[in-house]
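Colleague: I'm new to this one. Could you walk me through it?
Modeller: Sure, have a look first and then ask away.

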Amino acid sequence: MRIDLTDETLFATNAFEPVFAWLRANDPVHRHEVPGGDGFWVLSRHADIAAVYSNAEVFSSRFGMNLGSDPAAVAAVSQRMLIVSDPPDHTQLKRVLARSFAADRMPMFEALVGDVVNDVLAEAVDRCADGATVDFVDIAKAVPNRVVCAFMGLDRVDWASVGHTVTEAFEAEDEAVRTAAHAEIFLLFADMLGRRRKNPGTDFISELATASRGTGAPGRHRPLTDEEIIFNCNGVLAGGNETTRYSAAGGLLALIQNPAQWAQLRAGGPALVPTAVEEILRWTVPGIHALRTVTRPTRIHDVPLDTGDRVTLWNVSANRDESVFTDPDEFRVTRSPNRHLSFGQGRHQCLGARLARLELAVLFRGIIERFAGFDQAGDPVWNSSNFTWGLRSLPVTLTPIPAGHLSSRKAPSHG
Ligand code: HEM
């Protein structure tokens, strides 16, 4: 079997499942060489990936958390940006940031997400009038973008351009464009932070501007530095924008391709949505892999790993592991339990998982309430990335339930 996980066409053509099925069965600790570059280890089984996620001492995040990251760029933010930090800084920073996404913040998020989804779906109903084709990715990406921008207190006039810049920072083909986009986001947050330090409000940036973190010395705290705030705002903006939309769009495509599951979801109604959301997350896997660096000699099974070795954890493969999931290649909205690893696991488990689940649940609840069905109106296009992966375009026609019938849930006309 030819294995090249750096070949982005593998992801652009959605052709990677057979590669991971082969790895899980035949070579679970696979050595992946890179011509002229640094090789890396590939873990494909659920149990091995979960074990590495849970051992941050031996498998470090501070040297980067994805293949293809620029070592100089990582060094510039390491131990200050959550996702590329190890304890003790990671512990202290996460304690502060996690407060803003805690369970007691969910009523605020529920109101915000409810309003945003209402607006976005009302706009979708207008745009798909008379059978017009819409790109569902535009609908899917508006939800997390508006939510995260409102939560951060960004000016409304900037929301669309901020969403566009974040996408460019991750998806632009030209590296210079990606770098310029990242710089633009850092400048935006530097400017916002300056304003919030003078005039704090109730938004996320103000919360960080007035927060303090532990220093490691018992009882000693200090304010977050500007860099800690700006880097982590960037992390939250990117995490918020570049992932949930892939699950939303990929979830709709899965429902189109599996009409019986759409029928079951509509029949089950809102009560079934949380279970369906977990299956959508298992199926779509926007964070396709994560990376760790070995801090001291260790073994996985009988394979020795050396200090400095890079280990990649393929969430996308863990989620199809036949030893964990029954019929893993089937999309089932009733699947339970569902121990997917789409949010990672352990200390770096996704900060925004609760919010992402809420956004997806409110969106799919809105979809079953407002639409009788949908059809594909063109070929889906996938992002050509082995890191943040999902649909770049999904042309569809939507069939709204006529006003006045919105509360009735008739049998679906089609998938
Ligand atoms: C479907 C949606 C999402 C998926 C699939 C996802 C996936 C992930 C994964 C796999 C990680 C762990 C990375 C690692 O272990 O190295 C992670 C971490 C993170 N995510 Fe998400 N994410 C989603 C939504 C969000 C949202 C909505 C936000 C914020 C608003 C967010 C912010 C973050 C942050 C800040 C981290 C770093 C946490 C840490 O290092 O402790 N994510 N996410």
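Modeller: Let's start at the ligand: the shell of residues around it divides into twelve nonpolar, 13 polar and one charged. Keep in mind that this is a predicted model.

Colleague: Okay, and which residues come nearest to the ligand?
Modeller: There are 26 residues around it, and Gly239, Gly344, His348, Cys350 and Gly352 come nearest.

Colleague: Which helix gives the largest share of that shell?
Modeller: That's H11, with four residues. Helix H11 (226–241), helix H12 (244–257) and helix H16 (353–370) each supply at least two.

Colleague: Tell me about H16, then. How do its length and its span fit together?
Modeller: H16 has 18 residues, which should span 26 Å at 1.5 Å a residue, and its end C-alpha atoms are 26 Å apart, so the two agree.

Colleague: And which of its residues are buried?
Modeller: Leu355 through Phe364 without a break, namely Leu355, Ala356, Arg357, Leu358, Glu359, Leu360, Ala361, Val362, Leu363 and Phe364, and then Ile367 and Ile368.

Colleague: What do those buried residues pack against?
Modeller: Quite a list: helix H6 (106–127), H7, H12, helix H13 (259–268), helix H14 (273–284) and strand S11 (371–376).

Colleague: H7 is in there. Where does that helix run, and how far does it reach?
Modeller: H7 covers residues 136–152, 17 in number, and reaches 25 Å from its first C-alpha to its last. The expected figure at 1.5 Å a residue is 24 Å, so the two are close.

Colleague: Is H7 largely enclosed or open?
Modeller: Largely enclosed by the rest of the structure, because 15 of its 17 residues are buried. Just after the helix, Gly153 takes a positive phi of about 80°.

Colleague: Which residues touch the most other members of the largest nonpolar core?
Modeller: Met152, Ala249, Leu252, Val311 and Phe364, out of 105 residues in that core. H7 gives the most to the core, with eleven residues.

Colleague: What does Val311 touch?
Modeller: Leaving out residues up to four places away in sequence, Val311 touches Phe40, Trp41, Leu43, Val52, Phe59, Leu291, Arg292, Val294 and Leu305.

Colleague: Switching topic: two alanines, Ala209 and Ala172. Where's Ala209?
Modeller: In helix H10, which runs over residues 204–209. Ala209 is buried, because 22 other C-beta atoms lie within 10 Å and 20 are enough to count.

Colleague: What is Ala209 in contact with?
Modeller: Beyond its neighbours within four places in sequence, Ala209 contacts Leu193, Arg196, Arg197, Pro200 and Ile229. Arg196 is 13 residues away in sequence from Ala209, and their C-alpha atoms are 7.0 Å apart.

Colleague: And Ala172?
Modeller: Ala172 lies in the loop between helix H8 (159–171) and helix H9 (175–198). With 15 other C-beta atoms within 10 Å, Ala172 is partly exposed. Its contacts, not counting residues up to four places away in sequence, are Val177, Arg178 and Ala181.

Colleague: How about Asp379, buried or exposed?
Modeller: Exposed, because Asp379 has 8 C-beta neighbours inside 10 Å. Asp379 is placed in the loop between S11 and strand S12 (381–382).

Colleague: Last one: what's the mean pLDDT of the chain?
Modeller: The mean is 94, and 98% of the residues reach 70 or more. Over residues 408–415, though, the pLDDT is below 50, and this stretch has 21 contacts in the model beyond near neighbours in sequence. Where pLDDT is low, the predicted coordinates should not be read in detail.

Terms used. Residues are numbered from 1 along each chain as its sequence is written. This is a predicted model: local features need pLDDT of at least 70, side-chain atom pairs count only at pLDDT 80 or more; totals for chains, interfaces and linings use all residues. A residue is near a molecule or strand if its C-beta atom, placed from the backbone, lies within 6 Å of it. Ala, Val, Leu, Ile, Met, Phe, Trp, Tyr, Cys and Pro count as nonpolar, Asp, Glu, Lys and Arg as charged, and the others, Gly among them, as polar. A residue is buried if 20 or more other C-beta atoms lie within 10 Å of its own, exposed if 12 or fewer, and partly exposed in between; C-beta atoms are placed from the backbone. A nonpolar core is a set of buried Ala, Val, Leu, Ile, Met, Phe, Trp, Tyr and Cys residues joined through C-beta atoms within 7 Å. Two residues are in contact if their C-beta atoms, placed from the backbone, lie within 7 Å. pLDDT is the predictor's confidence in each residue, from 0 to 100.
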